[in-house]
Every structure is written in C-alpha cells, then in structure tokens.
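Open your viewer, switch to a cartoon view and keep the selection box handy. We will go stop by stop, selecting a few residues at a time and saying what is there.

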Amino acid sequence: MTFSRTARSTVLAAALLSVTALAVPSPAQAASFPPACQEALLETLDKFPVVDFTVPDKAKNTMMGEVLGLSEADQMVFTEKACAAWNSWATDNGKAVATDLDTRYRNAAGPVCNKFAKSSLATIKKYAPNIPAETRELEKLAKRIWVSSMEKLTADATNADCRAAYDAAKAGW
C-alpha cells in the first residue's frame, strides 16, 4: 500500500464520517493497533468506492499532518470494539456514502477545494448520526482533526474561494 493510497484513505474517512483512519499513514505503524483497527486503517478506502470525489492535495497534506501529530492518548481511542463497530458500519453503508459523496461533489461548484469541502461536510452531516455509538470517541477525535485542519487550510489558502470554503467547513458537523 502506498503512502498516497493510505493518506487518501485517512483523509476520506475523516471527511466521510470522521471515525476511522485518523491515526497512521503506513501499514507498519498500523500494526500496533488492535486487529479491527488495522482493518479500519488499511481497508476503509475499499469500503467507500468513490469515483469522482477528490481530496485536494493541500487538504490531504494538512489532515495528514494533524494525524501524524496524534498523541499516544489520542491513539488510545482506537479500541477493538470501536473499530469493529466502524468496520461493520462502513461495510454496510460504504457504497451509499460513496454515491452520496460523488453526487454532491459533481453538483458542487468548482474549484476543487469548494467541491471537496461542501460535499464532505454535507455527507458527514447526513451520515454521522447513524454511526454506531461505540465509535463516538473516534468521532470526537476526528472532529478535532477536521476543525484544526480546516482552520489551517483557511489561514493558508491563497484563493479566496478556497479560503471561504474551508472557513465554512471548519464549523464541522
């Protein structure tokens, strides 16, 4: 698995429902997590087969920076029970979530940063209430990562449309 694929998985999960792959960028690092979390970290992208939805490189890199900075305490929320609940939910709902993301992405006005921010946030808001209760601590962590990432993207954006899109998205879900 390449860094790009794992990073995309990490960012997609954060953008989707904020619970899953918010921890490590490589299979070697994922090995230190419980088995269900390893599955969540390494296989989430496969469970959400998007076609058009795209995460801009700046957003991907910013979120990855946040993920790489997770403390050991933050990583403790990756429990077998939470990750198993996520895996089941993602398997059961991934195709519908991916379809929703793709549709929203296609229908959002460009630039890519706006399409990403609007489609991600709308899909998160739609599906987050249905995520199993066992994943709530993961969701809290993902929300922190999302808000911090959007704040950094807002501050760093040189394009006014991107700045506005990230600023609107930082409120999160």
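Helices (H or I, at least four residues) and strands (E, at least two) are DSSP runs, numbered from the N terminus. With that in hand, select Thr-99, which is found in helix α6.

Before going further, two notes on what you are looking at. This is a predicted model, in which local features need pLDDT of at least 70 and side-chain atom pairs count only at pLDDT 80 or more, while totals for chains, interfaces and linings use all residues. Residues are numbered from 1 along each chain as its sequence is written, and side-chain values use heavy atoms, with hydrogens and water left out.

**The whole chain**

Zoom out and color by secondary structure. The chain has nine helices and zero strands, so its pattern along the sequence reads α-α-α-α-α-α-α-α-α. Now color by accessibility. Buried means under 20% relative accessible area, exposed over 50%, and partly exposed in between (1.4 Å probe, protein chains only). Of the 173 residues in the chain, 53% are buried. For a contact map, take contact to mean heavy atoms within 4.5 Å. Among contacts between residues at least 6 apart in sequence, 77% join residues at least 24 apart.

**Stop 1: along α6**

Return to Thr-99, which counts as partly exposed at 43% relative accessibility. Add Val-51 to the selection: the two are 48 residues apart in sequence, yet their C-alpha atoms are 8.3 Å apart in space.

Next, select Asp-100, also in helix α6. Is Asp-100 buried or exposed? Its relative accessible area is 11%, so Asp-100 is buried. Leaving out residues up to four places away in sequence, Asp-100 touches Thr-123, Lys-126 and Tyr-127. Add Arg-104 as well, and you have a network of salt bridges linking Asp-100, Arg-104 and Lys-126. A salt bridge here is a side-chain nitrogen of Lys or Arg within 4 Å of a carboxyl oxygen of Asp or Glu. By this rule the count comes to eleven salt bridges.

**Stop 2: α3 against α6**

Select residues 35-47 for helix α3 and residues 80-107 for helix α6. Two packed helices are described by the angle between their axes and the distance between the axes. Axes are lines fitted to C-alpha atoms, for helices over the stretch in contact, and angles run from 0 to 180 degrees between N-to-C directions. Here the angle is about 20° and the axes are 8 Å apart. Angles under 35 degrees count as roughly parallel, over 145 as roughly antiparallel, 65 to 115 as roughly perpendicular and the rest as oblique. The helices α3 and α6 are therefore roughly parallel to each other.

Show side chains at the contact: α3 contributes residues including Pro-35, Cys-37 and Thr-44, and α6 contributes residues including Cys-83, Trp-86 and Gly-94. By class, the contact of α3 with α6 holds eight nonpolar, four polar and four charged residues. In that scheme Ala, Val, Leu, Ile, Met, Phe, Trp, Tyr, Cys and Pro count as nonpolar, Asp, Glu, Lys and Arg as charged, and the others, Gly among them, as polar.

Staying on α3, pick Glu-39 and Lys-47. They form a salt bridge, with the closest N and O atoms 2.8 Å apart. Glu-39 is partly exposed at 30% relative accessible area, whereas Lys-47 counts as buried at 12%.

**Stop 3: α8 and α9**

Select helix α8 (residues 136-156) and helix α9 (residues 160-169). They pack at an angle of about 160°, with their axes 8 Å apart, and are therefore roughly antiparallel to each other. The contact is made by Trp-146, Met-150, Leu-153 and Thr-154 of α8 and Arg-163, Tyr-166, Asp-167 and Ala-169 of α9. These divide into five nonpolar, one polar and two charged residues.

Within α8, find the salt bridge between Lys-143 and Glu-139 (3.9 Å, N to O). The two are separated by about one helical turn because they are four residues apart in the helix. Lys-143 is partly exposed at 33%, and Glu-139 is buried at 7%.

Finish with Asp-167, whose salt bridge to Lys-170 has its closest N and O atoms 2.8 Å apart. Both partners count as partly exposed, Lys-170 at 28% and Asp-167 at 37%.
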